[in-house]
Amino acid sequence: MTTHEQTPTSPYATPDAPRLAVRGEAHLEVDPEIARIGITVSARGTDRRDALTDLTRRNNDVINLVKTYGEAVERIETGAFSITPELTKRGKGERVRTYHGRVHISAELTDFTALGELTTRIADLDLTHVDGPYWSLRPTSPAHRTARQQAVKEAVQRAREYAEALGTTLDALIELADIGADNTPQYGYPAPPGMARAAFAGAPEAAAPLDLEPQRQSVYAQVNARFTMNPPQL
């Protein structure tokens, strides 16, 4: 029986196995999947206990309002909480003038129609501040995979074109390196609101909900690829 020993691949290019290095890139513009809003609920009072009680009530009102949107809300989380005294000078000493309470809440929504209604209703509450929306994709979004696959195909196509320019063909793939294929979430860039729609059903005197236009998300993928070519006839 005859045995065939495989010759180790040389780490360097040779005239019999010239190497070709290319870069493949892909850039997609896709619709966002998630919108995040930040909510700051505030309260104040001359008595610490009263300020805390008022803040607790306002916080519960906001959380209950968000939860009424059911499956449109993917996540709701409570962040920082604080009760801070404001001091004022009185004679030779200081005394507490008032207490300021704050609690921060974040909510992620997947229904952007509900997002406009909810944002408007929260903004209409006293001592409540809303930031956002901040649009993004999920880390598991199919858009990331699509971009990576397109970058690989582009690298192969580019390598073939170089080989054809030399009158030869590709022989084998030596290396494929991912150098940053995933999209960075686009936080901090809310899209400008459009014209308002009709007022929220059941609340004819409420402010009309914002008509929010989702901000398109950029997905970028990039790979480095190395191939060997069949020896060209130069």
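In the predicted model, Arg226 has a relative accessible area of 42% and is therefore partly exposed. Its partner is Glu175, and the two side chains meet in a salt bridge with a nitrogen-to-oxygen distance of 3.8 Å. Because Glu175 belongs to strand 6 and Arg226 to strand 7, this pair ties together parts of the structure that are 51 residues apart in sequence. Glu175, at 39% relative accessibility, likewise counts as partly exposed. Within the strand pairing, Glu175 stands opposite Arg226 in strand 7, and the two strands, of which strand 7 spans residues 217-229, run antiparallel and are joined by seven bridges.

These strands belong to an open sheet of three strands, arranged in the order 1-7-6 with antiparallel pairing. Strand 1 (19-30) and strand 6 (170-178) are the edge strands, each of them pairing on one side only. On average, and with direction ignored, neighbouring strands of this sheet are turned by 25° against each other. Helix 3 (residues 142-165) packs on the sheet, where it touches strand 1, strand 6 and strand 7, and the direction of the helix makes about 145° with that of strand 1.

A total of ten salt bridges is found in the structure, and two of the contacts described here are centred on Asp54 in helix 1. The side chain of Asp54 meets that of Arg57 in a salt bridge at 2.5 Å, nitrogen to oxygen, and the side chain of Arg58 in another at 3.2 Å, nitrogen to oxygen. Asp54 and Arg57 are separated by about one helical turn, because they lie three residues apart in helix 1; Asp54 and Arg58, being four residues apart in that helix, are also separated by about one helical turn. As for accessibility, Asp54 counts as buried at 17%, and Arg58 is buried with a relative accessible area of 17%, whereas Arg57, at 44%, counts as partly exposed.

Turning to the nonpolar interior, the largest core comprises 28 residues, of which Ile37, Ile39, Val66, Leu115, Leu118 and Ile122 touch the most other members. Two or more residues are given to this core by each of strand 2 (34-45), helix 1 (48-67), strand 3 (73-90), strand 4 (93-109), helix 2 (112-123) and strand 5 (128-136). The greatest contribution is that of helix 1, which gives six residues. Apart from this core lies another, of 18 residues, and among its members are Val22, Ala151, Val219 and Met229. When residues up to four places away in sequence are not counted, Ile122 touches Ile37, Ile39, Leu65, Val66, Thr128 and Val130.

Strand 2 is largely enclosed by the rest of the structure, because ten of its twelve residues are buried. Strand 2 and strand 5 run antiparallel and are joined by seven bridges, and in strand 5 Thr128 stands opposite Val41. A contrasting environment is found at Glu94, a residue of strand 4, which is exposed, with a relative accessible area of 55% against the cut-off of over 50%. With neighbours within four places in sequence left aside, Glu94 is in contact with Leu87, Thr88 and Lys89.

Conventions: Residues numbered from 1 in each chain as written. Predicted model: local features only at pLDDT ≥ 70, side-chain atom pairs only at ≥ 80, totals over all residues. Heavy atoms only, no water. Core = buried A, V, L, I, M, F, W, Y, C linked by side-chain atoms within 4.5 Å. Buried < 20%, exposed > 50% of the residue type's maximum accessible area, 1.4 Å probe, protein only. Contact = heavy atoms within 4.5 Å. Pairing = 2+ DSSP bridges. Axes fitted to C-alpha atoms, helices over the stretch in contact; angles between N-to-C directions. Salt bridge = Lys/Arg side-chain N within 4 Å of Asp/Glu carboxyl O.
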